[in-house]
Amino acid sequence: MPVGTDSFAAAALKHLITQGYPAVNVVTDEFDLTDYLLFADQINLVIFHQHEKIYGIAPGFSKWKPGGEGIRLLSLPENLNTTGLKRVDELTYITAADGFFTLDFVAPLLFIAEQL
């Protein structure tokens with residue numbers, strides 16, 4: 001597939017979007033979030049990089065996970081409110097117990113990474 005001036009990821013995503021694919025799983029050794037941000041509102045992205053599963057979430061996102069699991073934010077959104085999480089540092093959290101955690105924030109989309 002010719003990439004022209006795009007990165008390989010951008011060229012592949014453009015191709016998938018023009019072909020009507022609603023979602024894609026990407027497995028990569030190299031990850032640069034900027035390669036994916038422009039396409040996040042056009043295709044559902046899940047990126048597997050090293051020992052993480054990376055994907056975009058909307059405000060009010062909720063998910064069940066076992067206690068002690070890691071969640072990393074790839075940026076710091078405005079007015080972040082969490083439930084079911086313990087803060088480790090500014091961008092890293094762990095689930096407080098088995099059950100649902102929730103992330104609410106002011107932004108259209110936030111990328112998070114879960115430990116695998």
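These are my notebook entries on what I looked up in the structure, which is a predicted model.

**Entry 1. Overall layout**

I began with the secondary structure and recorded two helices and 10 strands in the chain. Along the sequence I read the pattern α-β-α-β-β-β-β-β-β-β-β-β. For the dimensions, I noted that the C-alpha atoms fill a box of roughly 45 × 25 × 25 Å along the principal axes. I then looked up burial and found that 35% of the 116 residues in the chain are buried. Among contacts with a separation of 6 or more, I noted that 55% are between residues 24 or more positions apart.

**Entry 2. The sheet**

I next followed the strand pairing. Seven strands form an open sheet with mixed pairing, and I wrote down their order as 1-2-3-10-5-8-7. At the edges I found strand 1 (23-28) and strand 7 (85-87), each of which pairs on one side only. On average, neighbouring strands of this sheet are turned by 25 degrees against each other, direction ignored.

I looked in detail at one pairing. Strand 2 (residues 44-49) and strand 3 (residues 52-57) run antiparallel and are joined by four bridges. Here I saw F48 opposite K53 of strand 3.

**Entry 3. T28 in strand 1**

I selected T28, which is found in strand 1. I class T28 as buried because its relative accessibility is 17%, and the cut-off for buried is under 20%. A polar atom of the T28 side chain lies 2.6 Å from the backbone oxygen of E30. Leaving out residues up to four places away in sequence, I listed Y36, I47, F48, H49 and Q50 as residues that T28 touches. F48 in this list is the residue I had noted opposite K53.

**Entry 4. Two nonpolar cores**

Which residues of the largest nonpolar core touch the most other members? I found L13, V24, Y36, I43, L45 and F111, out of 17 residues in that core. Helix 1 (8-18), strand 1, strand 2 and strand 10 (110-115) each supply at least two of its residues. Helix 1 gives the largest share, four residues.

I followed V24 further. Not counting residues up to four places away in sequence, V24 touches L13, L16, I43, N44, L45 and V46. Apart from this core I found another, of 13 residues, including F61, I71, L85 and I112.

**Entry 5. K65 in strand 4**

I then turned to K65, which I located in strand 4 (residues 61-65). Is K65 buried or exposed? I entered K65 as buried, because its relative accessibility is 7%. I found two side-chain partners for K65: a polar contact of 3.4 Å joins its side chain to that of E69, and one of 3.1 Å joins it to that of E114. Beyond four places in sequence, I listed I71, T95, A97, D98, G99, F101 and E114 as residues that K65 touches. E114 is therefore entered both as a polar partner of K65 and among the residues within the 4.5 Å contact limit.

**Entry 6. Aromatic residues**

Finally, I searched the whole structure for aromatic pairs. How many aromatic pairs are there? The search gave three. I also recorded one aromatic cluster, formed by Y55, F61 and F101. Two of its members occur in my earlier entries: F61 belongs to the core of 13 residues, and F101 is touched by K65.

Note on methods:
Residues are numbered from 1 along each chain as its sequence is written. This is a predicted model: local features need pLDDT of at least 70, side-chain atom pairs count only at pLDDT 80 or more; totals for chains, interfaces and linings use all residues. Side-chain values use heavy atoms; hydrogens and water are left out. Rings of Phe, Tyr and Trp (its six-membered ring) pair if their centres lie within 6.5 Å; planes under 30 degrees apart count as stacked, over 60 as edge-to-face and the rest as tilted. Two strands pair if DSSP finds at least two bridges between them. Axes are lines fitted to C-alpha atoms, for helices over the stretch in contact, and angles run from 0 to 180 degrees between N-to-C directions. Buried means under 20% relative accessible area, exposed over 50%, partly exposed in between (1.4 Å probe, protein chains only). A polar contact is a pair of N or O atoms within 3.5 Å; within protein, one must be able to donate a hydrogen and the other to accept it, and residues adjacent in sequence count only if both atoms are side-chain atoms. A nonpolar core is a set of buried Ala, Val, Leu, Ile, Met, Phe, Trp, Tyr and Cys residues joined through side-chain atoms within 4.5 Å.
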